[in-house]
Amino acid sequence: IEKDGMQKADLVIAVSNFTKKVIIEKYGINPGKITVVNNAVYPIAEGSKKEIVLFLGRLTIQKGAEFFLRAAQKVKDFEPDAKFVVAGTGDMLPRLINQAIDLGISDRTIFTGRLTDEEVKHIYSISSVYVMPSVSEPFGITALEAISAGTPTIASKTAGFSEAFKNCLRVDFWDTDEMANKIVSLLRYDPLHKTLADEGKREIDLFTWD
């Protein structure tokens, strides 16, 4: 159905070059009728930051929450006060809860389940680090939302967001050692945290729905 729709369309708008490449290679669509227009965000107010490392998204294979938990296990020895929040629902939730138990981090991992819009804004605003370890991500609006709330972000190199946004840290989704290094760095080094937060909020002004 997707292929049929794109073949018949006069114009296809892709949210990233990553998505455009998929449309060309997997669907055989003429590159000449594909235009890339990045997603945008309605900014979220910044709150009082806690030592929270946040994952927010559908709990499916594509979103990479299991890599987030593996990185969390490596962070816990260096940052004993850090809490890890996994926000969202999906078919992987029971498996992820069991994984947190197996990794010995269930006492510092919070699974929120489904959140209201207000709860989502609140958790963005008080988190110190946002991690988007997606295996496959056309863009990744959640990263923009986190940055708008003054929360520095670590994003998978395969996400469309990573190609469009400069003031974030990038990581291969499978490299949980490097992910953990970057989480620790953001929790521990205030100048790095402040620079990414300030510059990120400045850059976010370029990503408007207008």
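**A walk through the cores and the sheet**

The largest nonpolar core in this predicted model has 31 residues, and those with the most contacts inside it are Val-53, Phe-68, Val-131, Ile-154 and Ile-183. Two or more residues are given to this core by each of E3, H3, E4, H4, E6, E8 and H8. Helix H3 supplies the largest share, seven residues.

Let us stay with H3, which spans residues 65–75. Eight of its eleven residues are buried, so the helix is largely enclosed by the rest of the structure. The buried ones are Ala-65, Glu-66, Phe-67, Phe-68, Leu-69, Ala-71, Ala-72 and Val-75. Their cover includes strands E3, E4, E5 and E6, along with helix H4 (93–102) and helix H8 (176–188). Phe-68 makes a good place to zoom in: leaving aside neighbours within four places in sequence, this residue is in contact with Val-53, Leu-54, Phe-55, Phe-84, Val-85, Val-86, Val-131, Pro-133 and Met-179. There is also a second, separate core of 28 residues, which includes Ala-40, Tyr-130, Met-132 and Ile-204.

Now for the sheet. Six strands make up an open sheet with parallel pairing, in the order E5-E4-E3-E6-E7-E8. Its edges are E5 (109–113) and E8 (169–171), each pairing on one side only. On average, neighbouring strands here are turned by 20° against each other, direction ignored. Looking within the sheet, E3 (residues 52–56) pairs with E4 (residues 83–87) in the parallel sense over five bridges, and Leu-54 has Val-85 as its bridge partner in E4. Helix H5 (residues 117–126) packs on the sheet, where it touches E3, E4 and E6 (129–132), and its direction makes about 140° with that of E3.

Methods:
Residues numbered from 1 in each chain as written. Predicted model: local features only at pLDDT ≥ 70, side-chain atom pairs only at ≥ 80, totals over all residues. Heavy atoms only, no water. Pairing = 2+ DSSP bridges. Helix = DSSP H or I, 4+ residues; strand = E, 2+ residues; numbered from the N terminus. Axes fitted to C-alpha atoms, helices over the stretch in contact; angles between N-to-C directions. Contact = heavy atoms within 4.5 Å. Buried < 20%, exposed > 50% of the residue type's maximum accessible area, 1.4 Å probe, protein only. Core = buried A, V, L, I, M, F, W, Y, C linked by side-chain atoms within 4.5 Å.
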